[in-house]
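Please find below a reviewer's note on the structure, set out as numbered points. Each point may be read beside the model.

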Amino acid sequence: MATSVRRTSCNLCEAICGVLVTVEDGRVTDIRGDEADPLSRGHICPKAVALKDLQEDPDRLTKPVRRTSDGWAELGWDEAYELIATRLGEIQQAHGRNAVGVYLGNPNVHSLGAMTHMPTVVRLLRTRQRFSATSVDQLPHMLASHLLYGHQLMVPVADIDRTSYLLMLGANPLASNGSMMTAPGFGRRLKDLRKRGGRVVVIDPRRTETAAVADEHHFVRPGTDAAFLLALIHQVIADGNAKPAPYVDGLDRVAEAVQDWTPDAAARITGIDAETIRRIASEFAAADKAACYGRLGVSAQQFGAVCQWAVQVLNIITGNLDRPGGTMIPRPAVDTLRGIGRGHIGAWKSRVGGRPEFGGELPAAAMAEEIVTPGDGQIQAMVTIAGNPVLSTPNGRALDEALDTLSFMVSVDPYINETTRHADVILPPTPPLERDHYDLAFHQLAVRNTARWNEAVLQRPADARHDWEIFRDLGLALLRRTPRSRRKLLTSLRLRLNPRRVVDLGLRVGPYRLSVRKLKKSAGGIDLGPLQPALPRALYTKNKRIDLAPGLILEGLDQARAVLLVEGEADDLLLIGRRHLRSNNSWMHNSARLVKGKPRHQLLMNPDDLSKRDLEDGQLVQVSSAAGSVAVEVAASNDMMPGVVSLPHGFGHGRPGARLSVANEVPGASANDITDATRTDPLAGTAALNGVPVTVTPAP
Ligand SMILES: Nc1nc2c(c(=O)[nH]1)N[C@H]1C(S)=C(S)[C@@H](COP(=O)(O)OP(=O)(O)OC[C@H]3O[C@@H](n4cnc5c(=O)[nH]c(N)nc54)[C@H](O)[C@@H]3O)O[C@H]1N2
Ligand SMILES: Nc1nc2c(c(=O)[nH]1)N[C@H]1C(S)=C(S)[C@@H](COP(=O)(O)OP(=O)(O)OC[C@H]3O[C@@H](n4cnc5c(=O)[nH]c(N)nc54)[C@H](O)[C@@H]3O)O[C@H]1N2
Ligand code: SF4
Ligand SMILES: [Mo]
């Protein structure tokens with residue numbers, strides 16, 4: 001038997017752990033952590049084994065398929081590209097270029113070939129109807145970075161290995177393995193932090209796995225974190241502890257803007273008492289190195305942009321931005337920032353809802369209305385790439401119905417799932433173990449500067465295609481329909497450059513002058529050391545200064561004031577989301593080994609809330625919001641804040657036509673059948689997936 005151990009990295013989450021894969025006669029027999037990786041140092045989680053399951057899943061498509069009157073039929077790659085380019089071309093000719101819509105899903109950022117080649121294809125479609133997972137996720141981080149630092153992806157990360165005080169809001173890295181912060185082995189890093197005598201404080205409406213290992217945990221009423229954060233800023237300034245760096249302007253305007261956000265006012269809104277808020281403000285300011293980090297729970301909520309701005313302001317005014325142990329800006333071997341635009345906001349608005357674009361994309365919450373509302377610019381055809389928006393975006397059921405009305409739909413995806421079942425053509429790319437990888441996205445968010453190049457572990461079958469090859473060939477098919485020009489020539493050259501060449505060029509002109517060859521020589525990758533201070537030099541703002549109080553944010557504060565400072569206690573329950581270690585967004589429930597164990601799709605509810613409604617643990621209940629209702633089992637949990645219920649996202653399988661064997665056995669309910677596409681952040685349109693008012697009654 002031919003046995004070999006090959007190195008790669010897991011691309012299933014943002015931690016990018018190095019793994020060693022044992023291959024016997026072309027089959028994977030073992031997957032373990034790579035001790036030689038300078039970032040992950042041997043860490044992996046239970047998801048890593050799913051890399052093998054993905055490889056071997058009989059439900060995974062390996063050839064393009066086309067929907068016919070009697071089911072799916074295979075077709076050749078070239079035939080598929082021609083068909084797609086022709087149909088999209090016809091529709092744009094007849095109805096204008098905005099008649100084609102695009103949704104870009106989360107796994108695109110985890111794939112080198114999608115990062116290097118997908119944007120070119122999207123640009124070739126020349127449509128303003130562009131949507132992505134960004135607006136159900138990290139848009140508030142990007143908006144704050146764009147406004148404060150001049151670049152949407154200049155996102156400082158908490159220097160977890162050197163800090164002595166970590167304040168975390170709306171993040172559960174013990175389940176998610178960290179996000180907008182690449183720190184593999186997050187749990188071990190937290191343990192080390194506490195061993196050094198540091199302190200970890202968690203703010204979350206649920207006592208999470210992460211809260212359980214923290215020094216302090218406080219329940220917060222969902223959607224009200226802005227009040228808590230603004231009160232911290234208020235208190236730091238009031239105590240005379242604000243000492244921003246010399247390149248920071250606007251402290252006086254911030255002081256004025258937060259004047260009425262006192263700890264007492266915030267206590268009434270958030271449920272965290274005023275004394276605790278004052279204490280956290282003074283401990284945070286007094287710590288020699290502190291970092292505040294807020295993740296999905298404070299992004300995908302109504303005032304997410306204000307929250308993420310406030311997180312930055314707190315770090316900046318306490319002098320923690322750009323200092324070791326505070327929050328720092330990574331310097332990866334390929335400078336991702338240089339290759340990507342700085343971002344813009346509100347340059348145009350969506351056709352139906354008047355929702356603002358950000359960085360060229362409209363809010364995903366607008367997709368269904370843009371498909372079903374007649375008029376100039378109505379979407380007639382959709383292209384979805386690595387996304388399952390029927391389960392992932394608010395009012396998913398409305399989108400599900402809307403997709404059914406399209407004239408044409410194409411998906412680049414390895415599965416026939418809740419979304420792609422509506423497609424006319426599906427193009428499946430190779431799975432992760434068959435692809436080369438360099439991480440262009442997450443080194444930019446990592447708590448240490450490292451670099452690694454991974455060769456594909458397994459050879460792809462001759463008739464399979466990598467995602468970059470799909471984008472290259474689809475792009476060339478689209479290009480063939482455009483007139484000859486210099487631009488056309490450059491685009492076709494760019495499409496033909498393989499990802500390895502793109503990375504190699506990026507490494508050579510990057511800050512460490514590396515190359516793919518140099519990376520290949522080092523076993524688990526190269527260690528480029530801890531994060532280094534870089535400001536104000538690295539800022540992308542015109543004057544190399546930070547303005548703490550951008551006008552757009554001040555407007556957002558007024559909107560938050562109008563809602564939060566006036567609104568009384570609601571009687572309704574508030575719905576929030578959650579993640580599990582053995583589950584991955586909407587798509588890995590097909591791995592039996594990953595999803596094994598006790599069911600985890602239930603609605604979690606505090607026992608007092610159950611008894612108030614005469615409900616029992618385990619009972620089937622109906623959860624209803626303004627947008628719709630779902631039936632799901634309820635589970636009593638003392639970890640839930642009273643008045644708050646939690647449903648994980650990504651479930652709701654078992655819809656007709658989806659080909660997902662294991663997932664369909666444990667369908668669960670889709671949280672996004674009850675989230676509301678009209679509840680969005682007024683500043684940038686991010687979906688408020690958390691803090692949705694709901695009622696819970698016995699299922700009829
Ligand atoms: N209610 C609620 N909704 C949420 C969230 C929440 O917390 N609560 N979280 C939000 C967040 S943070 C995100 S990121 C989104 C994610 O939502 P989506 O953007 O829909 O992403 P996934 O659910 O990860 O779906 C991945 C899709 O990509 C396919 N895929 C997997 N690997 C590849 C690949 O290599 N290439 C291609 N072409 N396709 C691939 C899968 O088969 C699947 O169809 O959901 C959001 N929705
Ligand atoms: N195993 C696994 N790992 C994953 C994923 C997965 O599906 N499974 N998904 C990946 C993706 S796409 C992402 S974006 C990341 C997300 O990474 P995280 O943000 O760490 O993930 P979540 O578990 O969604 O954590 C959000 C937390 O916010 C809390 N929360 C909800 N509403 C509020 C609120 O109003 N205020 C506050 N303070 N907290 C609130 C929730 O209770 C929850 O604990 O995880 C990634 N990693
Ligand atoms: S934490 Fe788990 S899923 Fe994330 S990269 Fe590491 S092994 Fe993969
Ligand atoms: Mo995400």
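1. How far does a backbone N or O atom of Ser583 lie from a nitrogen atom of ligand 2? The separation is 2.6 Å. The reader should bear in mind throughout that this is a predicted model.

2. Side chains also approach ligand 2. Ser176 places a polar side-chain atom 2.7 Å from an oxygen atom of ligand 2, and a polar side-chain atom of Lys47 is found 3.3 Å from a nitrogen atom of this ligand. Taken alone, ligand 2 exposes 910 Å², of which the protein buries 97%. Three elements each give two or more residues to the shell around ligand 2, namely helix H5 (173-176), helix H12 (296-299) and strand E23 (573-578).

3. The wider surroundings of ligand 2 comprise 33 residues. Those that come nearest are Ser176, Asp204, Asp225, Ser583 and Asn585. By class, the shell holds 11 nonpolar, 15 polar and seven charged residues. Domain 3 (139-332 + 542-556) and domain 4 (567-698) each supply at least three residues to the shell around ligand 2.

4. Ligand 1 has a shell of 28 residues, and the nearest of them are Asn388, Ser392, Asp413, Asn417 and Ser586. Sorted by class, the shell around ligand 1 contains 14 nonpolar, 10 polar and four charged residues. Where does ligand 1 lie with respect to the domains? Both domain 2 (65-136 + 347-449 + 462-505) and domain 4 (567-698) give residues to its shell, so ligand 1 lies between them.

5. Backbone atoms deserve attention at ligand 1. A backbone N or O atom of Asn388 lies 2.7 Å from an oxygen atom of the ligand. For Asn106, the corresponding distance from a backbone N or O atom to an oxygen atom of ligand 1 is 2.9 Å, and for Ala386 it is 3.4 Å. Ligand 1, taken alone, exposes 920 Å², and the protein buries 96% of that area.

6. The residues around ligand 3 include the cysteines Cys10, Cys13, Cys17 and Cys45. Also in this shell are Leu12, Ala15, Ile16, His43, Ile44, Lys47, Ala48 and Asn177. By class, the shell around ligand 3 has nine nonpolar, two polar and one charged residues. Lys47, listed here around ligand 3, is also the residue whose polar side-chain atom lies 3.3 Å from a nitrogen atom of ligand 2.

7. Is Ala305 buried or exposed? Its relative accessibility is 2%, and because buried means under 20%, Ala305 counts as buried. Ala305 belongs to helix H13 (residues 304-317). Leaving aside residues up to four places away in sequence, Ala305 touches Pro140, Leu143, Ile553, Asp681 and Leu683. The C-alpha atoms of Ala305 and His141 are separated by 7.2 Å, although these residues are 164 residues apart along the chain.

8. His649 may be considered last. This residue lies in the loop between strand E27 (644-648) and helix H25 (661-665). Its side chain is joined to that of Asn585 by a polar contact of 3.5 Å. Apart from residues up to four places away in sequence, His649 touches Arg578, Arg579, Asn585 and Ala671. Asn585 is thus a point of connection for the reader to follow: Asn585 is among the residues that come nearest to ligand 2, and its side chain makes the polar contact with His649.

Terms used. Residues are numbered from 1 along each chain as its sequence is written. Chains are lettered from A and ligands numbered from 1 in the order in which they are written. This is a predicted model: local features need pLDDT of at least 70, side-chain atom pairs count only at pLDDT 80 or more; totals for chains, interfaces and linings use all residues. Side-chain values use heavy atoms; hydrogens and water are left out. A residue is near a molecule or strand if one of its heavy atoms lies within 4 Å of it. A polar contact is a pair of N or O atoms within 3.5 Å; within protein, one must be able to donate a hydrogen and the other to accept it, and residues adjacent in sequence count only if both atoms are side-chain atoms. Accessible areas come from the Shrake-Rupley method with a 1.4 Å probe; for residues, only the protein chains shown count as cover. Ala, Val, Leu, Ile, Met, Phe, Trp, Tyr, Cys and Pro count as nonpolar, Asp, Glu, Lys and Arg as charged, and the others, Gly among them, as polar. Domain bounds come from an automatic or database domain assignment. Helices (H or I, at least four residues) and strands (E, at least two) are DSSP runs, numbered from the N terminus. Buried means under 20% relative accessible area, exposed over 50%, partly exposed in between (1.4 Å probe, protein chains only). Contact means heavy atoms within 4.5 Å.
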